[in-house]
Amino acid sequence: MSDQQQDYEVGYGKPPKSGQFKKGQSGNSKGRPKAAKGILASLKRELETKIAVREGNREVCMSKAEAMAKQIIAKALKGDPQAMMVILKLDPELFGAAADGVEPLSTKEVPEDVDYDILRDFFTEASENEEPACVDDGEHLMHWEVPDDES
């Protein structure tokens, strides 16, 4: 045996030099295997793939999801009630209906009596001052002209 092998003691946690990794070489050259992506990722990847679809006299390249949407809408336009229900379920806001368990985006609040009193006082003061009232709500600048008293 050579001098290097005699100086190195082989035992628990000390493998022989021939079994150790070489410098600059990884112990897992192929790397960790990729995890399964799941059914939703596979479905999304499949719907994003492009296909050729004939529209009239020409061929158009579009995703499978776009082709499905066009087909559902075409069936609904022909009067297919199942296709109409699919569209209604996919986008309830198209027809003003709220989805189950989802609040509508805009809720109309009814002004309270105090709000009407404030507005009444505001317009009364504006007409007494003989100056036009101006309100800036952040989006629009609104003007009210006060009519001249001819009496």
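Lys-70 is a good place to start: with a relative accessibility of 44%, this residue counts as partly exposed. Its side chain forms a salt bridge with Glu-55, and the closest N and O atoms of the pair are 3.3 Å apart. Lys-70 belongs to helix 3 while Glu-55 belongs to strand 1, so the contact ties together parts that are 15 residues apart in sequence. Keep in mind as you look around that this is a predicted model.

Now stay with Glu-55 for a moment. Glu-55 is also partly exposed, with a relative accessible area of 27%. Its side chain meets that of Arg-58 in another salt bridge, at 3.8 Å from N to O. Arg-58 counts as exposed, at 54% relative accessibility. Put these contacts together and you have a network of salt bridges that links Glu-55, Arg-58 and Lys-70. Side chains of opposite charge can pair when their charged atoms come close.

The network leads us straight to a pair of strands. Glu-55 stands opposite Arg-58, a residue of strand 2. Strand 1 and strand 2 run antiparallel, and six bridges join them. If you follow the pairing to Ile-51, you will find that its bridge partner in strand 2 is Met-62. The two strands form a hairpin with two residues between them, and in this hairpin Gly-56 takes a positive phi near 70 degrees. How many of the six residues of strand 1 (residues 50-55) are buried? The number is zero, so strand 1 lies largely in the open.

Next, let us move to helix 3, the home of Lys-70. Does its length agree with what its residue count would suggest, or what else do its ends show? At 1.5 Å a residue, the 14 residues of helix 3 should span 20 Å, and its end C-alpha atoms are indeed 20 Å apart, which agrees. Just after helix 3 comes Gly-79, which takes a positive phi of about 105 degrees.

Helix 3 has another charged contact to show you. Lys-64 forms a salt bridge with Glu-46, and here the closest N and O atoms are 2.3 Å apart. Lys-64 lies in helix 3 (residues 64-77) and Glu-46 in helix 2 (residues 39-48), so this pair ties together parts that are 18 residues apart in sequence. Both ends of the contact can be placed by their accessibility. Lys-64 is partly exposed, with a relative accessible area of 25%, and Glu-46 counts as partly exposed as well, at 41%.

Helix 2 also holds Lys-44. At 53% relative accessibility, Lys-44 counts as exposed. Lys-44 and Ala-65 are 21 residues apart in sequence, yet their C-alpha atoms are 9.0 Å apart in space.

One more charged residue deserves a visit. Lys-17 lies over the face of Tyr-8, at 4.7 Å from the ring centre. Aromatic pairs are another matter, since the structure holds zero of them. As for salt bridges, a search of the whole structure finds five, among them the contacts of Lys-64 with Glu-46 and of Lys-70 with Glu-55.

With these details in hand, step back to the whole chain. It contains five helices and four strands. Read from the N terminus on, the elements run α-α-β-β-α-α-α-β-β. How much of the chain is buried? Buried residues make up 7% of its 151 residues.

Finally, a word on confidence. The mean pLDDT of the chain is 75, and 68% of its residues reach 70 or more. Where is confidence lowest, and where is it highest? The lowest value belongs to strand 4 (residues 141-144), with a mean of 49, and the highest to strand 2 (residues 58-63), at 93. Where pLDDT is low, the predicted coordinates should not be read in detail.

Note on methods:
Residues numbered from 1 in each chain as written. Predicted model: local features only at pLDDT ≥ 70, side-chain atom pairs only at ≥ 80, totals over all residues. Heavy atoms only, no water. Phe/Tyr/Trp six-rings, centres within 6.5 Å; stacked < 30°, edge-to-face > 60°. Lys NZ or Arg CZ within 6 Å of the ring centre and 35° of its normal. pLDDT = per-residue confidence, 0-100. Buried < 20%, exposed > 50% of the residue type's maximum accessible area, 1.4 Å probe, protein only. Pairing = 2+ DSSP bridges. Salt bridge = Lys/Arg side-chain N within 4 Å of Asp/Glu carboxyl O. Expected span 1.5 Å × (residues − 1).
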